[in-house]
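I sat down with this model today and kept short notes as I went. Here is what I looked up, in the order I looked.

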Amino acid sequence: MFKKILIANRGEIAVRILRACRELGIHTVGVFSEVDRSALHVRLADEAYPIGAAASRESYLSIDKLMDVARRAGCDALHPGYGFLAENPALPRACVERGITFIGPPAEAMEAMGSKTAGKQLARRTEVPTVPGTSEAMENPEEVRALAQSMGYPVILKAIAGGGGKGMRVVANDAEFTAAWRDAASEAMNAFGDSRVFLEKYLIRPRHVEIQVFADAHGRVVSLGERECSVQRRHQKVIEEAPSPVVTPDLRRKMGDAAVRLARAGGYVNAGTVEFLVDAELNFYFLEVNARLQVEHPVTEQVTGLDLVKLQIAIAAGHRLPFAWETITPRGHAMEVRLYAEDPDNNFFPSPGKIVSRHAPTGPGIRLDEGVYEGYTVPMEYDPLLSKLIAWGNSREETIARLRRALDEYTITGIRTNVSLFRRILGEPDFLRSEIHTKWLDELLVKPQPPATAARPGTEDAAAIAAALWQSSNARASAGANATGAKEEISEWKRQGRRGQLDRNP
Amino acid sequence: MKFEIQLEGANGKTTRVVELERDGGAYRVLLDGQRVDADVVEITANTISVLLNGQAFEVHVTPTLDGRLKLQTGPHEFTADVVDPRAWAGRKHGALEAEGRQQVMAPMPGKLIRVLVKAGDAVEAGQGLAVIEAMKMQNEIRSPKRGKVERVLMKEGQNVSAGEILAWVE
């Protein structure tokens, strides 16, 4: 087994990996950019080293700096987490050159499956059904436009190197094409350093169902079942659950077989996810392979009882998958919500800043994977994911009830979070019946909010009293958090302004 | 101390007057002039526990950019304007927004990666004025009204902080 693992990431996933290492008795080495010195993963690691400026390109995306830390600290393995360099084949190559084990698929498998176009070609070869579209990057926008016209709108443009909804645009008609092309390419360039984009037919109202696969280095490939991730905002997953309410044992076997076939053909090793779109008739179409651990891996862990990060480490160390997991069936139900530093009342604009106070939910069936704490300043440079709140129970109903209970307990002040979005979704009849698709949430959000459930008598009184008390405490202390949390003190400008407004009075 | 609280919730707006009097370590509370049975405790900086006739409420307070308060209790949310009535005579909102002239603020800190208009341009309500990148997402800042761009105060590539004025539209 490994002695010391370099965790080449930040935030909740760095903490998640660190915890698995600690349970296995493996030393952990963290890395941090200039703005992450106080991050939780740095506080919890056995060793931690600075790797440069806040901009990812100069820190978390720098293979040279990571390799330098690995050498200095004497690491024998590296875990990339998700995002950043996790799906960049240059990282496993650099590791191999230096005799460091990369905890993830080999570079060749990443190339054969990881990019959306390569994955699609492999799917066609292995007779896994795919969505119509180009399987290669297209350079000339006019050529792509002509193709879109012949295929019929709506179409979708996707970054070759994409993920997480970045560099992706749906084009409803010909008039929108030029702007969409420009935005997708420029966003892809900024996020991944690769502006190449390809085109696909846009399916109407599909569900997103993905299969978790694991492969060892000895030729065994297994499926650990599916996750339903249809609740998305702008192509970004917001809620994930396992099992999928629509997947029957028969469909689970078929999708699992297809995913395993694909992984085997691509020479895949370690954890990977094969994403599918599922239509109303339960036909499934290959979407892409995520050649890494997924953000939403905890829901699979909760219904299988497995620790996927520990499994990844064991497989990277050359261990065999220990038993016939082909027979695995999910037990109970698990659901995850992604809490972001976003302001749901203000078009979901990012809301970085200082967390002034925080209360985390606990109790039966609740798990919280996070990289934040009270007093922590959420930097503006990275992904807004704060926490993943996971609930599980015997049934979907019990799981949802637990999640709602935990969301009511979970409070963060100082910054805005999207917690109210989940309160709304978890009360929607469509969601409770699981009549959802990948555009469902975007469609819901343009509708007016339903009238709030009647508050208990006294709620408004209590709110007014609390506001008065807060104001009196903060006026007295003359210090409080300002809205951005960037500074401890209310800005002198603002205070003078408020004073001025009050002074104008008789 | 006496406060006027303008409260806005899902069911509309109300105005309440709250008086807090220190009574040893606790507070005596008057609501709209009436003494109420309220036991108020500050749990942490922004979390306040209120027992109102025995009914338990926990209220979480987050100040917003425009100097108001976001209040959350259980699934319910309110926005509050708090005014000290001793000095109150009709607080003027957005003192700078005279005669329909609107300031366009950066809603969050980030990097201004694109400015889409220049001074003198005619714009429609909702038209994109600039793009700010924060937390890996590009967010378009839109015009609050139909009109003319009077001034653009920022350049592409500049870092902006939340609340900073990007442009004026008149």
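**Ala54 of chain A.** I began with the contacts of Ala54(A), skipping its neighbours within four places in sequence: they are Ser33(A), Glu34(A), Val35(A), Pro379(A) and Glu381(A). This is a predicted model, so I read every contact here as computed. Ala54(A) sits in the loop between β3 and α3 (63–73) of chain A. Is Ala54(A) buried or exposed? I found 15 C-beta neighbours inside 10 Å, so Ala54(A) counts as partly exposed; the buried class would need 20 or more. I also checked Ala54(A) against Thr300(A): the two are 246 residues apart in sequence, and their C-alpha atoms are 33 Å apart in space.

**Strands β1, β2 and β3 of chain A.** Next I followed β2(A), residues 27–32, where five of the six residues are buried. On one side I noted β1(A), residues 4–7, which pairs with β2(A) in the parallel sense over four bridges. Within that pairing, Leu6(A) has Val29(A) as its bridge partner. Between the two strands the chain passes through helix α1(A), residues 11–24, and I noted this β-α-β crossover as right-handed. β2(A) also pairs with β3(A), residues 47–50, again in the parallel sense and over four bridges. Here Val29(A) turns up once more, with Glu47(A) as its bridge partner in β3(A).

**Nonpolar cores.** Which residues touch the most other members of the largest nonpolar core? That core has 137 residues, and my list reads Ile5(A), Leu6(A), Leu78(A), Leu157(A), Val213(A), Ala259(A) and Phe276(A). I picked Ile5(A) for a closer look. Leaving aside neighbours within four places in sequence, Ile5(A) is in contact with Cys21(A), Ile26(A), Thr28(A), Val29(A), Cys75(A), Ala77(A), Leu78(A) and His79(A). Apart from the largest core I found another, of 29 residues, and its members include Ile465(A) and Ala466(A) as well as Phe3(B) and Val61(B).

**Where chains A and B touch.** I then turned to the interface, where 52 residues of chain A are in contact with 61 residues of chain B. On the chain A side, the elements giving two or more residues are α8 (177–192), β16 (349–350), β22 (411–413), α13 (419–425), α16 (459–477) and α17 (492–503). Which of them gives the largest share? It is α16(A), with 15 residues. By class, I have 24 nonpolar, 17 polar and 11 charged residues on this side of chain A.

**Domains.** For chain A, the assignment gives domain 1 (4–103), domain 2 (132–201) and domain 3 (207–446). The C-alpha centres of domain 2 and domain 3 of chain A are 26 Å apart. Chain B has domain 1 (2–86) and domain 2 (98–169) in its assignment, and I noted 35 Å between their C-alpha centres.

**A sheet in chain B.** My last stop was an open sheet of four strands with antiparallel pairing, in the order β14-β13-β11-β16 (chain B). β14 (137–142) and β16 (159–160) of chain B are the edge strands; each has a single partner strand, so one side of each has no neighbour in the sheet. The partner I looked at was β13(B), residues 128–134, which pairs with β14(B) in the antiparallel sense over six bridges. There I wrote down Gly128(B) with its bridge partner Arg142(B) in β14(B).

Terms used. Residues numbered from 1 in each chain as written. Chains lettered and ligands numbered in written order. Predicted model: local features only at pLDDT ≥ 70, side-chain atom pairs only at ≥ 80, totals over all residues. Contact = placed C-beta atoms within 7 Å. Nonpolar A, V, L, I, M, F, W, Y, C, P; charged D, E, K, R; others polar. Buried ≥ 20, exposed ≤ 12 C-beta atoms within 10 Å, placed from the backbone. Pairing = 2+ DSSP bridges. Right-handed = clockwise from strand over helix to strand, strands pointing away. Domains from an automatic or database assignment. Core = buried A, V, L, I, M, F, W, Y, C linked by C-beta atoms within 7 Å.
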